[in-house]
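User: Could you pick one small spot in this model and go through it closely with me? After that, I'd like to hear about the other parts of the chain too.

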Amino acid sequence: MWYKTAIFYELYPRAFMDSNADGVGDFKGLLSKIDHLVDLGVDCVWITPFYPSPLRDDGYDISDYFSVHPDLGTLEDLKAVIDRLHEYGIKVVADLVMNHTSDQHPWFIESRSSRDNPKRDWYVWSDSDQKYRGTRVIFIDTHDSNWTYDETTGQYYWHRFYDHQPDLNFDNPEVRAVMFEIMDFWLQLGLDGFRADAVPYLFEREGTNSENLKETHDFLKAIRAHIDKNWPGKILLAEANQWPKDTRAYFGDDDEFHMGFHFPVMPRLYMALKQKSRRSIVEIMEMTPEIPPGAQWCVFLRNHDELTLEMVTLEEREYMWEQYAPERRMRLNLGIRRRLAPLMDNDRSRIELLNAELFTLPGSPIIYYGDEIGMGDNIWLFDRNGVRTPMQWDDSPNAGFSAAAKTYEPVIDDEVFGYKKVNVQAQKADPDSLLNTLKHMIRVRKQYKAFGLGTFAFCLPDNDAVLAYMRAYENERLFCVFNLSDSEETAVFEMSEFVGKTPVNVLTGASLPVIQQANYSLTLAPYAYYWLRI
């Protein structure tokens with residue numbers, strides 16, 4: 001179960017490195033930068049969609065499941081990347097977009113050509129746009145319905161996302177069968193698993209919200225059984241943006257997904273900083289059910305999408321928008337289109353604090369490319385492209401990403417986050433840089449199995465501004481303490497179990513005073529954090 005202790009790195013191949021000066025990152029470019037991933041210390045790379053696509057949704061609109069987009073290279077180029085990462089012991093997972101295709105996929109072109117085409121039933125069609133009315137619209141900034149009228153055949157087709165992304169019909173056994181073919185193709189090539197996109201929405205049923213249906217779970221169990229039988233050691237990671245109790249169902253009894261994103265905890269990490277209170281984090285973690293022994297959460301601070309606020313209350317969403325997206329342009333759908341460092345006003349202490357939480361919460365952490373150096377964003381780019389700009393390698397033109405005159409999206413070049421100030425080369429040379437600080441955190445985390453495998457228990461002092469919890473595994477006891485406030489805070493902890501013991505900060509090697517009595521007092525500087533081995 002390698003994934004339970006792994007550190008993941010989400011990599012957007014178009015943004016990483018351009019090898020042929022066309023302004024677009026590619027797999028040969030990625031191959032030349034694998035040393036960065038090795039040096040950082042990650043265990044698994046998640047590659048976002050690389051399939052042929054019209055790129056109207058950055059590759060999540062697939063037009064061919066069995067090939068590589070020509071901008072990125074060839075199947076052989078991808079295989080070379082996988083093989084090289086494997087040489088360093090780094091696993092590779094890729095996006096599996098099951099719910100929908102591009103409207104340019106040959107399947108849909110056939111399906112919409114006539115009502116009696118053999119592929120007609122591969123998608124969801126209706127004479128009326130009034131079916132499944134209990135189903136919410138996800139991209140509320142773009143659509144007010146999940147149905148779009150198709151003039152060719154005089155019917156409506158169903159889509160949970162953009163209207164150029166028609167949903168596949170999973171009631172059709174041929175559709176289900178082709179998904180197994182797709183998985184086998186890529187696992188045979190060497191992938192170590194899939195991050196399965198938008199899995200709650202595979203089936204639709206009248207009188208429901210068409211999410212988390214039994215039919216969906218039954219199909220996912222069949223996928224897991226296929227993986228376990230034919231590809232042992234490969235994993236499935238669920239993108240199910242749901243409340244914890246609903247996401248829990250996607251683990252099944254260790255017979256669905258191996259991993260699932262813990263979406264609701266993410267916005268509350270940000271909320272807690274603004275509120276200077278741990279309450280929202282404690283509430284959501286206490287709402288999080290136990291998961292099967294073979295399962296693991298994935299935790300993250302940011303990714304390629306907007307910072308989603310679907311799994312918060314209406315009041316919390318308004319609060320988050322007010323605090324972190326005061327300009328309307330910063331908002332998108334039910335979220336915020338900004339990167340980690342700008343969200344933290346480029347405050348190094350808060351960026352570090354959030355990462356210190358990320359690496360110690362239950363689950364396997366995911367780093368989004370560029371966040372390891374504190375990259376900025378561009379809220380003026382289309383959709384979510386502002387958090388998908390070229391990786392900043394050095395201070396040469398185009399941040400060392402490309403020799404092209406023009407890149408697929410402009411490199412960040414402002415006074416605060418511009419590539420002349422924020423880049424890998426400069427941070428590698430600076431022992432106190434964010435990059436080297438995160439590398440150190442990763443190295444330390446790997447020394448303790450408690451972070452990936454251990455139990456989790458809050459330690460709640462009277463002072464709400466201090467978040468603390470114990471991670472325990474076998475003989476390891478890691479006491480993690482965080483000051484969520486911009487002022488010095490003192491907290492008193494009940495530590496009778498550890499009287500006579502000396503806490504040691506595993507990040508610095510420094511010892512704290514011996515625990516001499518049950519009530520143990522700690523004073524923390526603003527945004528300070530400790531990982532203490534007792």
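Analyst:
**A spot in a loop**

Let's start with serine 210, which sits in the loop between β7 (193-197) and α7 (214-230). Keep in mind that the model is predicted. What makes serine 210 worth a look is its backbone: its phi is positive, about 55 degrees, even though it is not a glycine. For most residues other than glycine, phi is negative. Is serine 210 buried or exposed? It is buried, with a relative accessible area of 1%.

Aspartate 345 gives you something to set beside it. This residue also isn't a glycine, and its phi is positive at about 55 degrees. You'll find aspartate 345 in the loop between α12 (340-343) and α13 (348-358). Here the surroundings go the other way: aspartate 345 is exposed, at 54% relative accessible area, whereas serine 210 is buried. A glycine can show up with a positive phi as well: glycine 89, which follows α4, has a phi near 75 degrees.

That brings us to α4 itself. The helix covers residues 75-87, and at 1.5 Å a residue its 13 residues should span 18 Å; the C-alpha atoms at its ends are 18 Å apart, so the two agree. Which of its residues are buried? They are Asp77, Leu78, Val81, Ile82 and Leu85. Looking down the axis of α4, you'd see these buried residues fall within an arc of 140 degrees, so they line one face of the helix. The spacing makes sense, because an α-helix has 3.6 residues a turn and residues three or four places apart point the same way. On the face turned away from the buried side, α4 carries the exposed residues Glu76 and Glu87. And what covers the buried residues? The cover includes α2 (27-32), α3 (34-40), β2 (44-47), β3 (91-97) and α6 (173-189).

Now for the nonpolar interior. The largest nonpolar core has 150 residues, and Met98 and Tyr270 are the ones that touch the most other members. The largest share of this core comes from α6, with 9 residues. If you leave out neighbours within four places in sequence, the contacts of methionine 98 include Leu168, Phe170, Met179, Val199, Phe219 and Ile223. There is also a second, separate core of 19 residues, and Cys459, Met495, Leu524 and Ile534 are among its members.

Polar residues can be buried too. Take asparagine 355, in helix α13: at 4% relative accessibility, it counts as buried. Its side chain reaches the backbone oxygen of isoleucine 351 at 2.9 Å. Apart from residues up to four places away in sequence, asparagine 355 touches Leu301, Leu340, Leu438 and Met441. Serine 433 is another example, located in the loop between α14 (424-429) and α15 (434-446). Serine 433 counts as buried at 4% relative accessibility, and its side chain reaches the backbone nitrogen of asparagine 436 at 3.1 Å. With residues up to four places away set aside, serine 433 touches Arg348 and Gln427.

Finally, the strands. In general, strands of a sheet pair through backbone hydrogen bonds, either parallel or antiparallel. One open sheet here has 3 strands in the order β4-β6-β5, with antiparallel pairing. β4 (125-126) and β5 (147-150) are at the edges with a single partner strand each, so one side of each has no neighbour in the sheet. Between β5 and β6 (residues 155-158) there are 4 bridges, in the antiparallel sense, and tyrosine 149 stands opposite tyrosine 156 in β6.

Further along, have a look at β17 (residues 476-483), where 7 of the 8 residues are buried. β17 runs antiparallel to β16 (residues 466-473), joined by 8 bridges, with leucine 467 opposite phenylalanine 482 in β17. These two strands make a hairpin with 2 residues between them, and glutamate 474 in the turn has a positive phi of about 50 degrees. β17 is also joined to β21 (residues 529-533), by 5 bridges and again antiparallel. There, valine 481 has tyrosine 530 in β21 as its bridge partner.

Note on methods:
Residues are numbered from 1 along each chain as its sequence is written. This is a predicted model: local features need pLDDT of at least 70, side-chain atom pairs count only at pLDDT 80 or more; totals for chains, interfaces and linings use all residues. Side-chain values use heavy atoms; hydrogens and water are left out. The expected span of a helix is 1.5 Å times one less than its number of residues. Buried means under 20% relative accessible area, exposed over 50%, partly exposed in between (1.4 Å probe, protein chains only). The arc is that of the directions from the helix axis to the C-beta atoms. Contact means heavy atoms within 4.5 Å. A nonpolar core is a set of buried Ala, Val, Leu, Ile, Met, Phe, Trp, Tyr and Cys residues joined through side-chain atoms within 4.5 Å. A polar contact is a pair of N or O atoms within 3.5 Å; within protein, one must be able to donate a hydrogen and the other to accept it, and residues adjacent in sequence count only if both atoms are side-chain atoms. Two strands pair if DSSP finds at least two bridges between them.
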